[in-house]
Amino acid sequence: MKQFIVDAFTDKIFSGNPAAVCVVENFPPEKVMLNIAQENNLSETAFIVKTGGGYKLRWFTPAAEVDFCGHATLGSGFVVLTQLEPNLNSVDFETLSGRLSVTKAGKFFELDFPAYRYEKVPVTAEMSDAVGVEVREAYLSRDLLMVVDSLENLQPNFEKLAKLDGMTQAVTAAGKDFDCVSRVFAPKVGVPEDPVTGSTHCLIAPYWAERLGKKILNARQASKRGGNLRCEVLGERVKIAGQAALFAVAELKL
């Protein structure tokens, strides 16, 4: 089994969000895929299977299979469009979240994702206690989005974050050099902090697009590794573009 490790949402290795992409003829048993994800110990390991019209794609954290992942989709598209089928300009993936496409756009790889529908929820003392700063607003879809004045004094408590609603818990603020900045935590699925999260920007981008009155946003995920995302909000879809860098190619001995 060939495996690629790709740093997504960055133009250089050792930054962005690393994803493993395993190329297989058929999906192995779920236990094997989970074991591989645990061995890699990255936030996501993707498995892709060639089909007549594209690829099937599944994502695993070290703890569980998930229904949607942005950076590992970008990584998978990067592998297909630069390593496996460099003659192609775009590729479609069949996933648990439906058909997702990745398209080459110069140095960028553009993802076409569904926008999250979200609702405003009451801010609780538990939210502010979990992130260490005052939460001004909160919104819920698959993920929980907490709006704060600044990320500078954020002090996340992963045990407390895991008790909040949402598969992941995102904290966002208006940016200075970017339209918005964020950090994203996913302790419920074994990822204390995710370096760069494409899927959660399907919630972050629509929120800031409405707030700022802009369709195109430059976003920064301010984790230790950090990453940049270019987001375009188009009604019920969000196009998220980023660069990627190949870190490693390996042959798994299975």
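This passage describes the overall build of a predicted protein model, then one of its helices and two residues with unusual backbone angles.

Taken as a whole, the protein contains 5 helices and 18 strands. Its radius of gyration is 17 Å, close to the 18 Å given by the globule rule for 254 residues, so the protein is as compact as a globular protein of that length. Measuring along the principal axes, the C-alpha trace extends over about 50 × 35 × 30 Å. Of the 254 residues, 54% are buried. The contact pattern can be read alongside these figures: among contacts with a separation of 6 or more, 59% join residues that are 24 or more positions apart.

Turning to the surface and the charges, the accessible surface amounts to about 11,400 Å², and carbon and sulfur atoms contribute 49% of that area. The side chains include 28 positive and 31 negative ones, with 3 Å between the centres of the two sets.

Helix H2 is a convenient element to look at in detail. Spanning residues 70-84, H2 has 15 residues. From the first C-alpha of H2 to the last, the distance is 20 Å, close to the 21 Å expected at 1.5 Å a residue. H2 is also mostly covered, with 12 of its 15 residues buried. The buried residues begin with Gly70, His71, Ala72 and Thr73, and continue through Leu74, Gly75, Ser76 and Gly77 to Phe78, Val79, Val80 and Leu81. As a general point for reading such a list, an α-helix has 3.6 residues a turn, so residues three or four places apart point the same way.

The backbone offers two further places worth a visit, both in loops. Phe9 is not a glycine, yet its phi is positive, at about 65 degrees. This residue, Phe9, sits in the loop that links strand S1 (2-8) and strand S2 (17-24). With a relative accessibility of 2%, Phe9 falls under the 20% cut-off and therefore counts as buried.

Asn41 likewise has a positive phi without being a glycine, here of about 55 degrees. Its loop lies between helix H1 (30-40) and strand S3 (44-50). The relative accessible area of Asn41 is 58%, which is over the 50% cut-off, so Asn41 is exposed. The two residues thus pair a positive phi with opposite surroundings: Phe9 is buried, whereas Asn41 is exposed.

Notes. Residues numbered from 1 in each chain as written. Predicted model: local features only at pLDDT ≥ 70, side-chain atom pairs only at ≥ 80, totals over all residues. Heavy atoms only, no water. Helix = DSSP H or I, 4+ residues; strand = E, 2+ residues; numbered from the N terminus. Expected span 1.5 Å × (residues − 1). Buried < 20%, exposed > 50% of the residue type's maximum accessible area, 1.4 Å probe, protein only. Rg over C-alpha atoms; globule rule 2.2 N^0.38 Å. Contact = heavy atoms within 4.5 Å. Areas by Shrake-Rupley, 256 points an atom, 1.4 Å probe, with all protein chains shown as cover. Lys, Arg positive; Asp, Glu negative; His and termini not counted. Charge placed at Lys NZ, Arg CZ, Asp CG, Glu CD.
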